[in-house]
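Good morning, colleagues. I should like to take you through one structure today, beginning with a single side chain and then moving outward to the elements around it.

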Amino acid sequence: MGQIRLLWFFFLCLVGCGSLAKGVLGLACNWGLQSTHPLPPTIVVKLLKDNGFKKVKLFEADPGALKALGRSGIEVMVGIPNDMLASLASSVRNAEAWVQQNVSNYISNYGTDIRHVAVANEPFLRTYKDMFVRTTFPALQNIQAAIIKAGLGKQVKVTIPLNADVYQTDSGLPSGGNFRPDIYDLMIKIIKFLQDNGGPLTINIYPFLSLQADPNFPKEYAFFNNTASPLVDGSIVYTNVYDANFDTLISALEKNGFGQMPVIIGEVGWPTDCDPSANVNNARRFNQALLNRIIQGQGSPKRRTPPEVYLFSLIDEDNKSVLPGNFERHWGIFNYDGSIKYPLDIGNGRPIVAAKGVKYLARQWCVLSPSASISDPNVAQSVSYACQYADCTSLGYGSSCGNLDVRNNASYAFNMYYQTMNQRKDSCFFNNLSVITTVDPSQAPCRFEIMIDIGKHELARSHGKSSAARIPSLISALMLVLAFVICGVY
């Protein structure tokens with residue numbers, strides 16, 4: 001019976017190969033790992049594959065993620081955090097050790113398809129006050145030397161993900177683009193180095209942040225539906241800030257002799273919470289139009305060839321820094337557990353699908369006791385304590401839980417702490433102000449979460465799979481590869 005099913009599966013692959021070849025081939029995204037209860041890496045990789053993502057960017061060399069990505073068919077850009085720059089800049093040996101441990105090791109031992117090393121992350125942000133200006137380029141040079149020494153110079157390219165504030169335009173038009181005067185010489189050196197070594201320039205563009213930072217910013221100009229008042233730049237008409245921003249960079253490159261420099265959009269997306277403009281409707285509107293552009297191979301007015309675009313982000317991160325704003329924890333197109341926030345079409349009418357095999361803690365919540373008085377001073381103190389150790393960003397102004405009354409506000413805080421602490425018995429105490437309930441207290445659009453059961457996932461992983469259980473999977477994989485070969489996809 002099993003063999004019949006496999007043959008039927010093979011037949012369906014052959015029948016559908018024409019549409020598959022025309023489907024989503026180039027989707028890429030960022031996979032952030034700043035979560036108190038992260039999804040198991042194997043589930044995330046399955047989520048990526050199920051939704052047509054062929055490339056992924058990691059912000060750090062996480063062993064679990066890099067192992068799970070091994071032999072997955074997904075290309076990887078692995079990042080180096082800013083706090084490692086000084087060490088890597090000071091010694092090429094340090095760079096060699098990093099490359100050996102985090103690049104060579106996973107390529108040779110796990111079959112991880114690492115294609116880029118992203119040295120730093122937006123190191124020249126004005127808010128950093130030149131903290132990384134002196135170490136970024138030397139670290140880049142040392143990592144490149146280490147990659148060459150490891151014999152990976154042809155496969156693995158270096159880059160630096162930069163914020164769009166590294167360039168500007170004095171005229172207010174994309175054609176006036178040039179690099180910031182305070183880092184101009186450094187930018188030219190970096191771009192020349194990347195060009196000489198076959199590496200791309202990576203830029204992060206955030207229309208949401210343009211809208212969020214300026215109350216006078218025209219909202220429609222942040223989206224792609226061509227309803228905004230146009231910006232006319234000579235013979236070019238811009239109807240969205242994404243294209244205008246990107247072409248400002250292209251103008252800067254052309255002015256300085258780098259008109260053919262390959263560019264990657266390292267981050268672009270829209271959050272769903274914690275700001276009046278950060279909601280499901282706006283996120284779906286922006287990200288669907290962005291996906292349509294990627295699928296259709298649409299470039300910008302000045303550069304028709306589309307760049308690689310890494311969607312930000314795959315999954316929400318409840319432990320991410322909120323220094324730029326509380327919305328930082330809500331960029332995912334999926335919730336923290338891989339469930340779908342809003343529908344998206346990823347090509348040919350194909351909807352995104354949720355993560356499979358996720359195990360949760362018990363279906364119970366910690367809430368304010370019905371007998372507790374909201375005038376009790378311990379309530380406010382307990383809420384403050386809970387939110388010090390758990391993610392309460394959704395309670396803020398303009399957020400999904402911002403309209404809760406005082407009792408439900410306290411209940412939300414208590415529950416987030418309870419879930420973050422893995423539903424420990426002593427984590428729903430709060431001076432005898434709280435109780436555990438099995439009745440879901442969620443009030444749309446506010447979700448009272450139940451966290452992923454990390455212990456259950458670790459136990460399942462430790463048991464592993466028997467070799468016999470892997471045989472059908474191997475046969476299926478071989479048949480699928482054969483179907484691809486016959487269809488001419490490879």
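Let me begin with arginine 293, which has a relative accessible area of 8% and is therefore buried, since the cut-off for that term is under 20%. Please keep in mind throughout that this is a predicted model.

Where does arginine 293 sit? Its place is in helix H11. What does its side chain reach? The side chain of arginine 293 comes to 3.4 Å from the backbone oxygen of glycine 299. If we set aside the neighbours within four places in sequence, arginine 293 is in contact with Phe224, Asn240, Tyr242, Asp243, Gln298 and Gly299.

I turn now to the sheet. It is an open sheet of 9 strands, paired in parallel, and the order reads E5-E4-E3-E2-E1-E13-E12-E9-E6. At the edges stand strand E5, residues 157-159, and strand E6, residues 161-163; each has a single partner strand, so one side of each has no neighbour in the sheet. From one strand to the next, the twist averages 25°.

The E6 edge can be described further. Strand E6 runs parallel to strand E9, residues 201-204, and 3 bridges join the two. Within that pairing, leucine 162 has isoleucine 203 of E9 as its bridge partner.

Two helices that pack on this sheet deserve mention. Helix H10, residues 241-255, touches E9, strand E12 (263-268) and strand E13 (308-311), and its direction makes about 145° with that of E12. Helix H11, residues 280-296, touches strand E1 (27-31), E12 and E13, and its direction makes about 155° with that of E13. Helix H11 is also the helix that holds arginine 293, our starting point.

Next, a brief word on helix H3, residues 41-50. Which of its residues are buried? They are Ile43, Val44, Val45, Leu47, Leu48 and Asp50. After H3 comes glycine 52, whose phi is positive, near 80°.

Finally, I come to a pocket. The second largest pocket has a volume of about 1600 Å³. Its lining comprises 48 residues, and those closest to its centre are Glu122, Leu125, Asn163, Leu209 and Pro324. Which elements give two or more residues to that lining? They are strand E7 (167-169), helix H9 (207-213) and H10. Helix H10 thus appears twice in this account, as it also packs on the sheet.

Methods: Residues numbered from 1 in each chain as written. Predicted model: local features only at pLDDT ≥ 70, side-chain atom pairs only at ≥ 80, totals over all residues. Heavy atoms only, no water. Pairing = 2+ DSSP bridges. Helix = DSSP H or I, 4+ residues; strand = E, 2+ residues; numbered from the N terminus. Axes fitted to C-alpha atoms, helices over the stretch in contact; angles between N-to-C directions. Contact = heavy atoms within 4.5 Å. Buried < 20%, exposed > 50% of the residue type's maximum accessible area, 1.4 Å probe, protein only. Polar contact = N/O pair within 3.5 Å; in protein donor to acceptor, adjacent residues only side chain to side chain. 1 Å grid on protein atoms, 1.4 Å probe; cavity = no way out; pocket = protein on both sides within 12 Å on 5 of 7 lines; lining within 4 Å. Points joined across faces, edges and corners; volume = space filled by probe spheres on them.
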